[in-house]
Amino acid sequence: MPDTTNLTTVATLRERARRDIAQGAVTSNYGCDKEKVIELLNAALATELVCTLRYRRHYYTARGLASNSVAAEFLEHANEELEHVDQLAARISELGGNPNFSPIGLAERSHAEYIEADTLEDMIRENLVAERIAIESYREVVQFLGNGDSTTRRLLENILATEEEHAEDLVSLTKGLGAR
Ligand SMILES: [Fe+2]
Ligand SMILES: [Fe+2]
């Protein structure tokens, strides 16, 4: 039999859940600084918003350069960054915070930059730089969260895996362009 002496009794769990009902998904054993987590998630949200805008801009301009395969990749990434936006906003709300969608100051809140770029090569490079920034900051936040908020950590680990795939896709596109 596993040792259950350190587990909170059912009665206490129920009592706390009733008392703290306004806290929603955040319970007393939430192991992080919640305000700090919301702040970090809002920075990630701004980053994803800027990334979805940049990829979408590049989708239309790359199409103009008659490169449909590169454009298609940009569109796919744009849509996946938008999914990340939704996932982050949902988690911020679950934690009782306000997802910040304001366009005012968005570029400054974002870790990644909005750079338009004129050529396919420059677009791919700018997107790769942005992905690497996102990867590094997600890794840091994952470490910060540790076991204190495993739900947010899992979410960010999943997003991180997608950003790594995006970076790989961009590297492949660079090789494809070199082979033209
Ligand atoms: Fe993303
Ligand atoms: Fe990405």
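**A di-iron site and its helices: group meeting talk**

Let me start with one residue. Ala-167 is found in helix α6. Helices here are DSSP runs of H or I with at least four residues, strands are runs of E with at least two, and both are numbered from the N terminus. Ala-167 is buried, because its relative accessible area is 10%. Buried means under 20% relative accessible area, exposed means over 50%, and partly exposed is in between, with a 1.4 Å probe and protein chains only. Ala-167 touches Leu-128, Glu-131 and Ile-135, leaving out residues up to four places away in sequence. Contact means heavy atoms within 4.5 Å. Ala-167 and Ile-124 are 43 residues apart in sequence, yet 9.6 Å apart in space, C-alpha to C-alpha.

Now the ground rules. This is a predicted model, where local features need pLDDT of at least 70, side-chain atom pairs count only at pLDDT 80 or more, and totals for chains, interfaces and linings use all residues. Residues are numbered from 1 along each chain as its sequence is written, chains are lettered from A and ligands numbered from 1 in the order in which they are written, and side-chain values use heavy atoms, with hydrogens and water left out.

How confident is the model? pLDDT is the predictor's confidence in each residue, from 0 to 100. The protein averages 91, and 95% of the residues score at least 70. Where is confidence lowest, and where is it highest? Lowest is helix α1, residues 10–19, at a mean of 74. Highest is helix α3, residues 68–94, at 97.

On to the metals. The iron ion (ligand 1) is coordinated by Glu-48 through two OE entries, Glu-81 (OE), His-84 (ND1) and Glu-163 (OE), at 1.9 to 2.4 Å. Donors are N, O and S atoms within 2.8 Å of the metal, or 3.2 Å for Na, K and Ca; water is not among the atoms, so sites may look incomplete. Along the chain, the donors of the iron ion (ligand 1) follow the spacing E-x32-E-x2-H-x78-E. Two of these donors link distant parts of the chain: Glu-48 sits in helix α2 (residues 34–64) and Glu-163 in helix α6 (residues 150–178), 115 residues apart. Glu-48 and Glu-163 are buried.

What coordinates the iron ion (ligand 2)? Glu-81 (OE), Glu-131 with two OE entries, Glu-163 (OE) and His-166 (ND1) do, at 2.0 to 2.3 Å. The donor residues of the iron ion (ligand 2) are spaced E-x49-E-x31-E-x2-H in sequence. Glu-131 lies in helix α5 (residues 120–145) and Glu-163 in helix α6, so this pair ties together parts that are 32 residues apart in sequence. Glu-131 is buried, as is Glu-163. And the link between the metals? Glu-81 bridges the two iron ions, ligand 2 and ligand 1, which lie 3.9 Å apart.

Next, the core. A nonpolar core is a set of buried Ala, Val, Leu, Ile, Met, Phe, Trp, Tyr and Cys residues joined through side-chain atoms within 4.5 Å. The largest one has 43 residues, and Phe-74, Leu-88, Tyr-138 and Leu-156 have the most contacts inside it. Helices α2, α3, α5 and α6 are the elements that give two or more residues to this core. The largest share, 11 residues, comes from α2. Take Phe-74. Not counting residues up to four places away in sequence, Phe-74 touches nine listed partners, among them Tyr-55, Met-123 and Leu-170.Two helices deserve a closer look. α2 has 31 residues and reaches 45 Å from its first C-alpha to its last, close to the 45 Å expected at 1.5 Å a residue. The expected span is 1.5 Å times one less than the number of residues. At the start of α2, a side-chain oxygen of Asp-33 reaches to within 3.2 Å of the backbone nitrogen of Glu-35. After α2 comes Ala-66, with a positive phi near 60°. α5 has 26 residues and reaches 37 Å, close to the 38 Å expected. Just after α5, Gly-146 takes a positive phi of about 50°.

One last stop: Asn-42, in helix α2. Asn-42 counts as buried, because its relative accessibility is 13%. A polar atom of its side chain lies 2.8 Å from the backbone nitrogen of Asn-100. Leaving aside neighbours within four places in sequence, Asn-42 is in contact with Ile-92, Asn-98, Pro-99 and Asn-100.

Conventions:
Polar contact = N/O pair within 3.5 Å; in protein donor to acceptor, adjacent residues only side chain to side chain.
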